[in-house]
Every structure is written in C-alpha cells, then in structure tokens.
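Please work through the exercises below with the sequence and the coordinates at hand, and try each task before reading its solution.

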Amino acid sequence: MKCHLCGGRMDSVCTDLPFKLDQHRIVVVKDIPVEQCNSCSEFLISDPVMENLDSLISTVDSGIELEVRRFAA
C-alpha cells in the first residue's frame with residue numbers, strides 16, 4: 001500500500017496514540033495496529049481496529065482525567 005500524502009510505502013506497525021475525549025479527559029491507547037508511512041509518518045487505522053477503539057474508549061471512567069489502556073484485538 002502507498003501513502004496517500006507522499007506516495008511512500010505503508011508498513012504495519014503498532015503505535016501509541018492519545019485521544020482527547022473532552023476538555024479535561026484524555027485516554028492514551030498503547031499498541032494500536034496501524035499502517036504507517038515510512039517516509040512522512042502518516043498513519044491509517046483500519047475500520048475493524050477503529051470499531052475496537054470506539055468500544056474501548058466508551059468504557060473509560062468519566063471521573064478520570066488521564067487513563068492509559070492497552071489495545072487488545
């Protein structure tokens with residue numbers, strides 16, 4: 001697969017990403033499988049992975065400002 005921004009090669013990697021849920025809450029999800037460009041670092045998250053992320057993020061405690069979770073496929 002080629003990067004839609006620069007045309008570089010996309011590689012399958014696992015990465016950590018932050019998600020800002022509202023003004024005061026952030027969840028960091030570790031080890032998310034993505035396709036990442038080896039030239040410009042642009043990344044793509046597949047639909048099934050995004051569905052799992054949505055489910056995971058929906059279970060975050062609303063009283064916690066910062067939470068770190070590990071992605072589990």
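**Exercise 1.** Determine where S41 is found and whether its phi is positive or negative.

*Solution.* In this predicted model, S41 belongs to the loop between strand 2 and strand 3 (43-44). Its backbone is the next step: phi of S41 is near 70°, a positive value in a residue other than glycine. Finally, S41 has a relative accessibility of 44%, so it counts as partly exposed.

D31 can be treated in the same order. D31 is placed in strand 2, has a positive phi of about 60° although it is not a glycine, and is partly exposed at 32% relative accessibility.

**Exercise 2.** Establish how strand 1 and strand 2 run and how many bridges join them.

*Solution.* Begin with the connection: the two strands form a hairpin, with 2 residues between strand 1 and strand 2. Strand 1 and strand 2 run antiparallel and are joined by 11 bridges. As a check on the register, locate S12, which stands opposite E35 in strand 2.

**Exercise 3.** List the residues of the largest nonpolar core, and then find which residues I32 touches beyond four places in sequence.

*Solution.* The largest nonpolar core consists of 12 residues, namely L17, F19, V27, V29, I32, V34, V49, L53, L56, I57, V60 and F71. At least two residues of this core come from each of strand 1 (10-22), strand 2 (25-37) and helix 1 (47-58). Taking I32 as the probe and not counting residues up to four places away in sequence, one finds that I32 touches V13, C14, T15, L17, F19, V49, L53 and F71.

**Exercise 4.** Decide whether E67 is buried or exposed, and identify the side chain with which its own side chain makes a polar contact.

*Solution.* E67 lies in strand 4 (residues 66-70). Its relative accessible area is 14%, and because buried means under 20%, E67 is buried. The side chain of E67 makes a polar contact of 2.6 Å with the side chain of R69. Leaving aside neighbours within four places in sequence, E67 is also in contact with I26, V27, V28, V60 and D61.

**Exercise 5.** Work out how many disulfides a search of the whole structure finds.

*Solution.* The search finds 0 disulfides. For C6, the nearest cysteine sulfur is that of C37, 3.4 Å away, and C6 is in no disulfide. C37 likewise is in no disulfide, its nearest cysteine sulfur being that of C6. The cut-off for a disulfide is a pair of cysteine sulfur atoms within 2.5 Å. As to accessibility, C6 is partly exposed at 43%, whereas C37 is buried at 3%.

Technical notes. Residues numbered from 1 in each chain as written. Predicted model: local features only at pLDDT ≥ 70, side-chain atom pairs only at ≥ 80, totals over all residues. Heavy atoms only, no water. Core = buried A, V, L, I, M, F, W, Y, C linked by side-chain atoms within 4.5 Å. Buried < 20%, exposed > 50% of the residue type's maximum accessible area, 1.4 Å probe, protein only. Helix = DSSP H or I, 4+ residues; strand = E, 2+ residues; numbered from the N terminus. Contact = heavy atoms within 4.5 Å. Polar contact = N/O pair within 3.5 Å; in protein donor to acceptor, adjacent residues only side chain to side chain. Pairing = 2+ DSSP bridges.
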